[in-house]
Amino acid sequence: MALLWAFAVLSLLPLVAAESPECANMTGTPLTNATLELLNGKWFYVASAFRHPEYIKWAKKVPTAVMYFTYNQTENVVYFQAYTTQGDQCLYNDSHMDIQRENGTLSNIENGVKYFAHVVPTKDPSIHIFAYQPEDKGKMGLSLYANTSQVTPEQMSEFHAAINCLGFEVSEIITTDETKSLCGPLEQQHEEERKKKLEEAAQA
């Protein structure tokens with residue numbers, strides 16, 4: 001799977017009518033440059049909630065994942081590097097997501113198929129919530145990312161509010177454990193390589 005990713009597992013369709021204003025604004029909020037710039041940096045996959053059995057099974061096999069997002073305004077894309085611990089190995093993937101500004105979505109292509117994720121507005125800029133296929137009760141899902149591996153009760157409450165909008169129960173949330181990450185060495189190697197390239201470019 002690619003972006004938790006779940007861009008590789010879910011598609012875009014409009015959100016069904018919601019009762020509260022907060023739920024009504026979960027999807028379809030246009031993406032601005034300011035919003036997209038907030039994606040820049042390192043993000044920890046903290047929790048998710050899925051309805052599709054296959055994706056629930058997958059999420060339970062992934063104790064931790066880290067994403068690095070880089071927004072490129074000129075190309076209208078968000079580049080990403082993903083480090084996912086699955087089983088006894090670290091899986092690495094780097095690619096990009098196209099931006100659909102008016103729809104409030106990011107899309108990724110895998111195996112020739114395009115998948116979408118809604119960027120859910122949050123009150124706290126240090127977390128991000130993505131919603132997938134919210135109109136399909138049997139396949140919908142959400143994921144929570146934060147700029148630290150541990151979230152506050154207030155931050156988790158935002159995720160609880162989002163899953164409540166889609167009809168999930170708190171008991172359906174699958175959380176991660178960063179202490180089980182196997183990707184630290186590879187992340188460090190890539191960071192050292194990046195710094196070396198920057199130093200070489202500065203000396204050129």
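Here are four short exercises on side-chain contacts, each with a worked solution.

The model is predicted, so local features need pLDDT of at least 70 and side-chain atom pairs count only at pLDDT 80 or more, while totals for chains, interfaces and linings use all residues. Residues are numbered from 1 along each chain as its sequence is written, and side-chain values use heavy atoms, with hydrogens and water left out.

**Exercise 1. Classify two ring pairs**

Work out how the rings of Tyr45 and Tyr145 are arranged, and then those of Phe50 and Tyr55.

Solution.
- Start with the rule: rings of Phe, Tyr and Trp (its six-membered ring) pair if their centres lie within 6.5 Å; planes under 30 degrees apart are stacked, over 60 edge-to-face, and the rest tilted.
- The structure holds eight aromatic pairs. In one of them, Tyr45 and Tyr145 are 5.9 Å apart centre to centre with 45° between the planes, which makes the pair tilted.
- Next, place this pair in the chain: Tyr45 is in strand E1 (residues 41-50) and Tyr145 in strand E8 (residues 141-146), so the link spans distant parts, 100 residues apart. Strands (E, at least two residues) and helices (H or I, at least four) are DSSP runs, numbered from the N terminus.
- Now take Phe50 and Tyr55: with 6.4 Å between centres and 70° between planes, this pair is edge-to-face.
- Finally, check burial, where buried means under 20% relative accessible area, exposed over 50%, and partly exposed in between (1.4 Å probe, protein chains only). Tyr45 and Tyr145 are both buried, and so are both Phe50 and Tyr55.
- To widen the view, ring pairs join Tyr45 and Tyr145 with Phe69 and Phe130 in a cluster.

**Exercise 2. Follow Lys42 across the chain**

Find the salt-bridge partner of Lys42 and say where each residue lies.

Solution.
- A salt bridge is a side-chain nitrogen of Lys or Arg within 4 Å of a carboxyl oxygen of Asp or Glu. The structure holds three of them.
- The partner is Glu187, with the closest N and O atoms 3.4 Å apart.
- Lys42 belongs to strand E1 and Glu187 to helix H6 (residues 184-203), so this pair links distant parts of the chain, 145 residues apart.
- Compare their surroundings: Lys42 is partly exposed at 32% relative accessibility, whereas Glu187 is buried at 10%.

**Exercise 3. Describe the two contacts of Arg51**

Which residue forms a salt bridge with Arg51, and over which ring does its charged end sit?

Solution.
- Glu172 is the salt-bridge partner, with the closest N and O atoms 2.8 Å apart.
- Arg51 lies in the loop between E1 and helix H4 (53-61), and Glu172 in the loop between helix H5 (153-165) and strand E9 (174-175), so the bridge ties together parts 121 residues apart in sequence.
- Arg51 is partly exposed at 23%, and Glu172 is partly exposed at 25%.
- For the ring, the charged end of Arg51 sits over Phe168, 4.5 Å from the ring centre. The test is NZ of Lys or CZ of Arg within 6 Å of the ring centre and within 35 degrees of the ring normal.

**Exercise 4. Look within one helix**

How many residues apart are Glu191 and Arg194, and how exposed is each?

Solution.
- Both lie in helix H6, three residues apart, about one turn of the helix.
- They form a salt bridge, the closest N and O atoms being 2.8 Å apart.
- Glu191 is partly exposed at 31%, and Arg194 is partly exposed at 42%.
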